[in-house]
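Welcome! Here are a few short exercises, each with a worked solution, to help you find your way around. Have a look at the structure first, then try each task before reading on.

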Amino acid sequence: MPLLDLQGPVVNRAPIAHVPAPAGSSAAARKFGVKPMPELVWNEDVARETAHLYERIKTVVPAVEWPVFAPYVKAINELKRERNAVILAHNYQTPEIYNCVADFVGDSLQLAREATKVKSEIIVQCGVHFMAETSKILNPEKTVLIPDSRAGCSLAASITGEDVRLLRDRFPGVPIVAYVNTSADVKAEVDICCTSSNALEVVESLGSDTVIFLPDQYLAKYVASLTKVKIIAWKGACEVHERFTGDELRLYRESDPSIQIIAHPECPPDVLAEADYTGSTAGMIDWVRKKRPKRLVMVTECSMADNVQAELPDVEFVRPCNLCPHMKRITLPKILDSLVYMKEEVVIDAMIADKARRSVERMVNLKN
Ligand code: 13P
Ligand code: SF4
């Protein structure tokens, strides 16, 4: 197929086939109504109106793909305005979502903080389910939508509220910290939440010589390596980050001793031992912005390297990256369905949400 030159002539095409999901009958659909599905066409007007957005991602999205994305991007941005909705997107979202339709992007802590400030009545969370739940916990009066509620997380799936109650019985009086990558049910049972960017600070804020940390065993080990507090860890793991190995990173270093390696703390210890920097997704992005390395291995989910590459084309990314299958469930067609049909609405039992809010707010309110 020939590459499409966006500056060149644009051929009017038939609407792009979009199979709409059946209109939901959620409370949100009844409250805000369902909109007609916009016509999804690629033509000269769409090309012109979206050209500034394609500029942002042209180094990572081939021009031939833009005629497929652009009609969705245009329709989503228009509907977002019509509905007065805001899109919060995690750093692992694909470049066309992260750069072209999101109103706010960030790591889990930044998204949680942003969720406390949102003025719009409708939040569309482009990330995984626990992130949408966190937004709902912090905004019980607002409508929170997730484009695909099957977007889970292996960490969140590794533990239940009942498991936490059993831990309390087994370790009476020991405070419990939950990584935000947990369900509302788990958040409701713990003392405080944390994210990868504030885990050490949260653990040390409790003033206890022992802390239970769940569910990520590797983040727990990383925190334990930085503090005198004794950590009792749950044995969950991120299915994306646990696949990296120290051996593969050593091979990159051997082939280029000047290469820089940065890693997310969900990685196993032998991976972190090879890293020049360890931090949350936002921490890693800031590190690259400041250091501007020539060649970089970013040990995390693949789309984040694309997003940073789009912003900093002079950095060469060497990519032993792994895709998060859950994050990748969120796509432009599903975001459009969310805004048209007001689906899928995040609903949390009010009692659980009230209890969970205490542990999330305790984290959000910690002074930096
Ligand atoms: P961050 O809070 O660092 O963005 O991490 C969230 C996550 O799920 C990483 O896998
Ligand atoms: Fe969960 Fe890992 Fe995906 Fe992050 S990358 S959402 S921790 S499965």
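## Exercise 1: The surroundings of F213

Leaving aside neighbours within four places in sequence, F213 is in contact with V177, C194, A199, V203, L219, A220, V223, I231, I232, A233 and W234. Keep in mind that this is a predicted model.

**Task.** Which residues have the most contacts inside the largest nonpolar core?

**Solution.** Start with the core itself, which has 103 residues. Inside it, W66, F213 and I335 are the residues with the most contacts. Next, look at where the core residues come from: helix α3 gives the largest share, eight residues. Finally, note that another core lies apart from this one; it has twelve residues, including F244, L249, A275 and V299.

## Exercise 2: A sheet of strands

**Task.** In what order do the four strands of the open sheet lie, and which are the edge strands?

**Solution.** Reading across the sheet, the order is β6-β5-β7-β8, with parallel pairing. The edge strands are β6 (192–194) and β8 (230–233), since each of them pairs on one side only. On average, neighbouring strands are turned by 30° against each other, direction ignored.

Now zoom in on one pairing. Strand β7 (residues 210–214) is joined to β8 by four bridges, and the two run parallel. To find one of the partners, take V211: its bridge partner in β8 is I231.

To finish, add a helix to the picture. Helix α10 (residues 217–224) lies across β5 (176–179), β7 and β8, and it runs at about 175° to β8.

## Exercise 3: Aromatic pairs

**Task.** How many aromatic pairs does a search of the whole structure find? Then work out whether each pair is stacked or tilted.

**Solution.** The search finds two pairs.

1. For Y54 and W66, the ring centres are 5.2 Å apart and the planes stand at 40°. Planes under 30 degrees apart count as stacked and those over 60 as edge-to-face, so this pair is tilted. Y54 sits in helix α2 (residues 44–57) and W66 in helix α3 (residues 66–83), twelve residues apart. Y54 is buried at 7% relative accessibility, and W66 is buried at 0%.

2. For Y277 and W287, the centres are 6.1 Å apart and the planes stand at 20°, so the pair is stacked. Y277 lies in strand β10 (residues 277–278) and W287 in helix α13 (residues 281–291), so the pair ties together parts ten residues apart in sequence.

**One more step.** Is Y277 buried or partly exposed? With a relative accessible area of 25%, Y277 is partly exposed, whereas W287, at 11%, is buried.

Definitions and conventions: Residues numbered from 1 in each chain as written. Chains lettered and ligands numbered in written order. Predicted model: local features only at pLDDT ≥ 70, side-chain atom pairs only at ≥ 80, totals over all residues. Heavy atoms only, no water. Pairing = 2+ DSSP bridges. Axes fitted to C-alpha atoms, helices over the stretch in contact; angles between N-to-C directions. Contact = heavy atoms within 4.5 Å. Phe/Tyr/Trp six-rings, centres within 6.5 Å; stacked < 30°, edge-to-face > 60°. Buried < 20%, exposed > 50% of the residue type's maximum accessible area, 1.4 Å probe, protein only. Core = buried A, V, L, I, M, F, W, Y, C linked by side-chain atoms within 4.5 Å.
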